Amino acid sequence: MSPTPAHQQAISPPITRSALSIADLIIETAPQSKQRSESPADTIETYPSPALSSSTPGGQSCATPASSCAWSEDQNRDRDKQLVHTRLPNPHNLSNFEAQIRALAESPPPFIAPDSRTRTLDIITLSLRDYYDWQIRNVPDGISPDDFLGQGTTDASQQYWSSIKNAIYLIKLSASSAQSDATQRPDLRAWPALSEAGRDAAAAMTSQPFDFLRNLFATLSPANVRARPELRTILLQFLASEANHNFSPTHPIARICTELSNDQDCQEISRRALQCMVDLFSRLGQRRFVSFKLLDSLATLLRRNGEFDAAMVIVTELFKACRQEFGPYSEQTRAVENELAHFYMVVDDCDQALQHCMAVIRRPPPEGLDNNPKIAFHQDGIAAHTMEDVAEIYERRGDLEQALVWLERAADVALRVWGPQAVATGHIIDKLTTLKKEYANNILESARDWEAIVER
C-alpha cells in the first residue's frame, strides 16, 4: 500500500466535541432564570489536581517519591542552615551562551515557508465569520435567523445541489461497477446533468447562501468526489468564477470558492470549515433548523472521510434530538434516520438498516382506510430514496423478488415527485429495468414499459 500523500493527511487531531451537546443545539428550552455569566470561559469545568504526595512508612506525606524521602528528612534537619545556596556561574558556559545570543541577534530570521493548508483554512474561517456576522445582522424584520437561514430554500438552490449530488453518486457507482459497456454505465446520466446544473449555479449561491456554503464543504468534499477528483477542481473553479462575476473577487463566497479550488484536496479543510459553521451558529439563541442541517452534513462528511465512530456518535444523538424536537414523522427525523440506515448498510448490518428504512417509509394509516401502499407509505423524495435503499438490502440478501417490488415503488414515487426527466428518477428506473432483464427474463415486457416512460 502506498503512503498517504502529504496533502491528504490530517492537519489536526480527530474532531473534538464542543461544550454544547447536540441536544443543546437542537432541542429548544425555555430561558433559565438562574443568573449565569455569558462568558464562554465560565462553561469550562475545573477539576482538582491529582495528589502529588505519597504515603511514607511512618505515615507522613512526602511530595517526592518514597525513595527520596530519607534525603528530604536530612534536608529538613538542616533547613535553617541551607535555605539559600550561593553559587557562581561557570564562566565558560556563560561565555558560550552570550556568544550564541549575540549571533542570533545579528542574523536575520530564517525563512519559513507558510503552510498553504493552514493559510487556506484561516482565510475560509475568517470569511465565514465575517459573512455570517453580517448576514445575521441583516435578517429581515419579523423572522428569526434560524427560520430565515435554516428553513428558507429556493427552487434554484434545491435543483442545483440535487443535480450535483445525484451526478456524483452515479459517478461513484460507475467507479465501483464491473460494467464494461460504456452505454450501460451508471454515470451515463451524470455528465449531462452536471453540464445542465451549471446554469443554476449563480442563482443557487445568491438565493440561498447558507445551503450553498454548507453543500460546498459537504457535497464537494474531497472524500465525496474521490472517484473523480479532477471533477471537484472543475466545479470549484467554475463556482469561483461565477462568484467573482456575481459578487466580487473579495466577497467571502468568492474567496472561499477560490481557496477550496486550491486546497490540494485536503479533506481536513472541508471538515474544519463545516465544524466552524456549527460553532458560529451555536451562538444563536434559537438554532434548531440550522444546527440540524449542519450536523446532518457533518455526520455524512465524517462517514465519507472514514471517521466512522465520530460520525456514528453525531448521527445517533442527532436522531434522538430530532425525534424529541420535531416529532418521529417529521422530515428532519426521517432524513437523519435514513442517514443512520446508511451507516448500518456500510457495516453490512442489513437487519438494522432495514428496520430504520421501514421506519422512514411507513406512516400511520388514517383510521377506516385499508392498507394501501400509497396511504401506508410516505410519498416524497425521502421515501423514494429510502425505498431504493430497501431494494438494495433485499438484493444483498438474494431476495430479488422483493428488490423488484421496492424498486417499482421507488420509481412510482420518483415519477410523481421529480418527474421522468430527473436524474434520480432515471437512475431508479435504470436499476429496475436492469434487474428485470438480468434476473427476470419472463417479465422483459414490463422492463420495456418502464424504459418507454423515461424515453418519452
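Is Lys293 buried or exposed in this structure? At 14% relative accessibility, Lys293 counts as buried, where buried means under 20% relative accessible area, exposed over 50%, and partly exposed in between (1.4 Å probe, protein chains only).

Before we look further, a word on the model: it is predicted, so local features need pLDDT of at least 70 and side-chain atom pairs count only at pLDDT 80 or more, while totals for chains, interfaces and linings use all residues. Residues are numbered from 1 along each chain as its sequence is written, and side-chain values use heavy atoms, with hydrogens and water left out.

## Salt bridges

Lys293 has a charged partner: its side chain meets that of Asp211 in a salt bridge, that is, a side-chain nitrogen of Lys or Arg within 4 Å of a carboxyl oxygen of Asp or Glu. This pair links distant parts of the chain, with Lys293 in helix H14 and Asp211 in helix H10 (residues 209–218), 82 residues apart. Helices here are DSSP runs (H or I, at least four residues), numbered from the N terminus. Asp211 also counts as buried, at 5% relative accessibility.

A search of the whole structure finds 22 salt bridges. Three of the pairs are set out here, with the N to O distance for each.

| Pair | N to O distance |
|---|---|
| Arg119 and Glu259 | 3.4 Å |
| Lys293 and Asp211 | 3.2 Å |
| Lys431 and Glu388 | 3.1 Å |

Arg119 sits in helix H5 (residues 116–137) and Glu259 in helix H12 (residues 252–261), and this pair links parts of the chain 140 residues apart. Arg119 is partly exposed at 45% relative accessible area, whereas Glu259 is buried at 11%.

Lys431 and Glu388 bring together helix H21 (residues 423–439) and helix H19 (residues 381–397), with their positions 43 residues apart in the chain. Lys431 is partly exposed, with a relative accessible area of 22%, and Glu388 is buried, with 6%.

Salt bridges can also join into a network: Glu268, Arg271, Arg272 and Glu307 are linked in this way.

## Cavities

What about empty space inside? Rolling a probe the size of a water molecule over the atoms shows where empty space is left. A cavity is a set of points on a 1 Å grid over the protein atoms alone where a 1.4 Å probe fits but cannot get out, and its lining residues have an atom within 4 Å of a point. The search finds two cavities of 30 Å³ or more.

About 30 Å³ of space lies in the second largest cavity, a volume being the space filled by probe spheres set on the points, which are joined across faces, edges and corners. Its lining is made by Leu25, Val278, Phe281, Ser282, Ser291, Leu294 and Leu295. Helix H13 (267–281) and helix H14 (288–305) are the elements that give two or more residues to this lining. H14, the helix that holds Lys293, gives the most, with three residues.

## Helix H20 and a surface patch

Helix H20 (residues 400–417) has 18 residues and should span 26 Å, at 1.5 Å times one less than its number of residues. The end C-alpha atoms of H20 are 25 Å apart, which agrees. Among the buried residues of H20 are Leu404, Trp406, Leu407 and Val413. Just after H20, Gly419 takes a positive phi of about 90 degrees.

On the surface, Leu94, Phe97 and Ile101 make a nonpolar patch of about 270 Å². Such patches are made of residues with over 30% relative accessible area and no salt bridge, nonpolar side chains (Val, Leu, Ile, Met, Phe, Trp, Tyr) being joined within 5 Å and like charges within 9 Å. Accessible areas come from the Shrake-Rupley method with a 1.4 Å probe, and for residues only the protein chains shown count as cover. Phe97, in helix H4 (residues 91–106), is partly exposed at 47% relative accessible area.

How values were computed. 1 Å grid on protein atoms, 1.4 Å probe; cavity = no way out; pocket = protein on both sides within 12 Å on 5 of 7 lines; lining within 4 Å.
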